[in-house]
Amino acid sequence: MTEDANPVTRKIIHVDMDAFYASVEQRDDPTLRGKPLAVGGSAKRGVVAAASYEARKFGVKSAMPGVTARRRCPSLLFVKPRFEVYRAVSQELHGIFARYTDLIEPLSLDEAYLDVTDDIAGVGSATAIAQAIRHDIRTELRLTASAGVSYNKFIAKVASDQNKPDGVYVVRPGEGADFVAGLPARRFYGVGPKTAERMSALGIETGADIRDQSLMFLEQHFGKSAQYLYRASRGEDYRSVRSDRARKSIGGERTYADDLIEDGDLREALEHIIEIVWERIDRNSARGRTVTLKVKYADFQQITRARSVSPAIATRDSFERLSRDLLEALLPVAKGVRLLGLTLSSLESAKNSNDEQTSGVAEVNPVQESLAF
Ligand SMILES: [Mg+2]
């Protein structure tokens, strides 16, 4: 994880669309509104890509096998994903973000961190910016989004979940430590079910429990994550918002609720990742020469396979072809796959680094005094 040595007090918004794919489908087809809906998952071994809130009431979740989803909710409607539509909506969404800041770090098609420390639109406060963005999304895209507003990424992200759907939650500087103390440990970045279980065995259930541990204890039990956990449990997170422009690579990955083993399932899963990653490449007009496929097996063995081409990849076709070739070379797999990821690197348009803004900055940004939360 990258972080900056010199944190200034930032104002960060995490925006997360509510049940994005499902909401787009309900927006575009009125007969789907108010009904339990799953996007994807209808294929024999398909996986639900998104579930409407009506479906979530039955326990239907994304990444769940379609069969399980149908069992939980017999009246569940399945629709095929329309990624080209989601990508187009995502671009409109980014157009809205760009009215308020240049510092946008997308996490997926429907989720992004925005650094609004500089109030370029003159809205007046970070909270007001979050409300303005939600208003624009509602009126222009006819969709809802939730937002978390805080002074760092970790808290902003957790906060956006707090009043979901269609809500906003603000954690001001000075409130972060208390907010974090009450969180379940599994809501900390990087704490998956396995780590949460190990924590529980050590009597660590909440943020407050993490904070009660020494750094040495955390290092002993959680290795590389220790430093992050130590700080995060005190409400600190110094990572800056990084726009794709400033990155050395652009990628995406997915973890599957059920391990994938059949060729067809793996191919289908790869197509989804191609969609996600290409959208980000395209939005940033990035040109890269290396495509890397990451595969994590059920036993957590992880491998990567990469191919470089010259000149740089300029079309979706060539990105697809390289990605598929990398996967085909691994098929059939001898053991289940729990994660697939794709990355484009050796970027040629990696200019305009955000790092310049934060490296070696010792003074406190004067804007923070004037722009309220
Ligand atoms: Mg979302």
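**Strand 1 and two annotated aspartates**

**Exercise 1.** D16 has 19 C-beta neighbours inside 10 Å; work out which exposure class this gives.

Solution. The model is a predicted one. A residue is buried if 20 or more other C-beta atoms lie within 10 Å of its own, and exposed if 12 or fewer do. The count for D16 is 19, so D16 is partly exposed. D16 sits in strand 1, where five of the six residues are buried.

**Exercise 2.** Classify D110 by the count of other C-beta atoms within 10 Å, and place D110 in the fold.

Solution. The count for D110 is 22. The cut-off for buried is 20 or more. D110 is therefore buried. D110 belongs to the loop that runs between strand 5 (104-108) and strand 6.

**Exercise 3.** Find the strands that pair with strand 1, and the sense of each pairing.

Solution. Take strand 7 (residues 145-150): six bridges join strand 7 to strand 1, in the antiparallel sense. One bridge links I12 to S150 of strand 7. Next take strand 6 (residues 111-115): five bridges join strand 6 to strand 1, again antiparallel. Here H14 is bridged to Y113.

**Exercise 4.** Which residues carry the UniProt feature "binding site", and why do they count as one spot?

Solution. The unreviewed UniProt entry puts this feature at D16 and D110. They span 95 residues in sequence, but no two of their C-alpha atoms are more than 5.9 Å apart, so they gather at one spot. The contacts agree: leaving aside residues up to four places away in sequence, D16 touches D110, along with E111, A145, S146 and S160. On the same terms, D110 touches D16, M17, F20 and S90.

How values were computed
Residues are numbered from 1 along each chain as its sequence is written. This is a predicted model: local features need pLDDT of at least 70, side-chain atom pairs count only at pLDDT 80 or more; totals for chains, interfaces and linings use all residues. Helices (H or I, at least four residues) and strands (E, at least two) are DSSP runs, numbered from the N terminus. Two strands pair if DSSP finds at least two bridges between them. UniProt positions are given in the numbering used here, feature names are shortened, and annotations may be inferred rather than shown by experiment. Two residues are in contact if their C-beta atoms, placed from the backbone, lie within 7 Å.
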